[in-house]
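Good morning, and thank you for making time for this presentation. I would ask you to keep the sequence and the structure in view while I speak.

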Amino acid sequence: MKKLYAPWRHDYINNVARKQDKDSSEKGCVFCKQLMHKDDDKYYIIKRFSDCAVMMNYYPYNAGHVMVLPYHHQPNLDNLTPLVRTQMMEVVSLSTTVIGKTLNSEGFNVGINLGSAGGGGLPSHLHIHVLPRWKGDTNFLETTGGVKIVSSDLDKMYFMLKEAFANTSID
């Protein structure tokens, strides 16, 4: 079996995630701190709903990579109420629609990494990744050149998506 590596994530995983493991409580959670501060532009929080929020991924795999996070600090789906789980899935669905129209994406990867062994860099606070995809957006540049191309400025993408989400609801 051949393997492709993502070396650009090394520092993030080994520094941020290790710090998170030391204090995986709500008090030490980077997501909880960002959601609590109510400074959405600073922390790239695109839209808040009653039980969860859509936030840009600060370390995106592709332009427009967002996460859907519950406000409650929980590591697993079964720790959330059925209402929160349902709302999160509705927000994921809304996100694919809004991002798809805004960025003209041709597909999506949607996923949850549960626990450290499941690939979760911040496993103590559940989040769902919504990653827009385009035909031909993958290549071997990451492997041969050690470079991952993200074709958009994070600030510009944030304000573009924030505007696109502004008048949306899941009612």
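Let me begin with a question: in which helix is Q34 found? Q34 is found in helix 2. Before I return to that helix, I should say that what you see is a predicted model.

First, the overall layout. The protein chain has six helices and five strands. Read from the N terminus, the order of its elements is α-α-α-β-β-β-α-β-β-α-α. The chain has 171 residues, and 40% of them count as buried. Among contacts with a separation of 6 or more, 65% join residues that are 24 or more positions apart. The accessible surface comes to about 10000 Å², and carbon and sulfur atoms account for 53% of that area.

I now return to helix 2, which covers residues 30-37. Four of its residues, F31, C32, Q34 and L35, are buried. Why do they lie on the same side of helix 2? They do so because they cover an arc of only 165° around the axis. The cover over these buried residues includes helix 3 (40-43), strand 1 (45-48), strand 2 (52-56) and strand 3 (66-70).

Q34 deserves a closer look. Its relative accessibility is 16%, and the cut-off for buried is under 20%, so Q34 counts as buried. Leaving aside residues up to four places away in sequence, Q34 touches Y43, I45, R48 and M55. After helix 2 comes K38, which has a positive phi, near 60°.

R48, one of the residues that Q34 touches, leads to the charged pairs. How many salt bridges does the structure hold? The structure holds two. As a general point, side chains of opposite charge can pair when their charged atoms come close. In one of these bridges, the side chain of D40 meets that of R48, at 2.8 Å from N to O. R48 is partly exposed, at 24% relative accessibility.

In the other salt bridge, the side chains of K162 and D41 meet at 2.7 Å, N to O. K162 lies in helix 6 (residues 154-165) and D41 in helix 3, so this pair ties together parts that are 121 residues apart in sequence. Both ends are partly exposed: K162 has a relative accessible area of 28%, and D41 has one of 37%.

Let us move to the interior. In soluble globular proteins, nonpolar side chains tend to be buried together. Here, the largest nonpolar core has 26 residues, and M56, V68 and L161 touch the most other members. At least two residues of this core come from each of strand 2, strand 3, helix 4 (82-103), strand 5 and helix 6. Which element supplies the largest share of this core? That element is helix 4, with eight residues.

L161 shows what such packing involves. When residues up to four places away in sequence are not counted, L161 touches I46, M56, G64, V66, I99, T102 and L103. Apart from this core lies another, of 11 residues, and its members include L35, Y43, M67 and L122. L35 is also one of the buried residues of helix 2, and Y43 is among the residues that Q34 touches.

Next, the surface and the loops. L77, I112 and L114 make a nonpolar surface patch of about 200 Å². Of these, L114 sits in the loop between strand 4 (107-112) and strand 5 (128-133). Is L114 buried, partly exposed or exposed? With a relative accessible area of 38%, L114 is partly exposed.

Two further loop residues illustrate approaches between positions separated along the chain. S25 is in the loop between helix 1 (10-22) and helix 2, and S25 is partly exposed, with a relative accessible area of 32%. The C-alpha atoms of S25 and H125 are separated by 9.0 Å, although these residues are 100 residues apart along the chain. K135 is in the loop between strand 5 and helix 5 (141-145). With a relative accessible area of 74%, K135 is exposed. From C-alpha to C-alpha, K135 and S105 are 8.7 Å apart in space, with their positions 30 residues apart in sequence.

To close, I return to the opening residue: Q34, in helix 2, is buried and touches residues including R48, which in turn meets D40 in a salt bridge. I would be glad to take questions.

Methods. Residues numbered from 1 in each chain as written. Predicted model: local features only at pLDDT ≥ 70, side-chain atom pairs only at ≥ 80, totals over all residues. Heavy atoms only, no water. Buried < 20%, exposed > 50% of the residue type's maximum accessible area, 1.4 Å probe, protein only. Contact = heavy atoms within 4.5 Å. Areas by Shrake-Rupley, 256 points an atom, 1.4 Å probe, with all protein chains shown as cover. Patch = residues over 30% accessible without salt bridge, like charges linked within 9 Å, V, L, I, M, F, W, Y side chains within 5 Å. Salt bridge = Lys/Arg side-chain N within 4 Å of Asp/Glu carboxyl O. Arc of directions from axis to C-beta. Core = buried A, V, L, I, M, F, W, Y, C linked by side-chain atoms within 4.5 Å.
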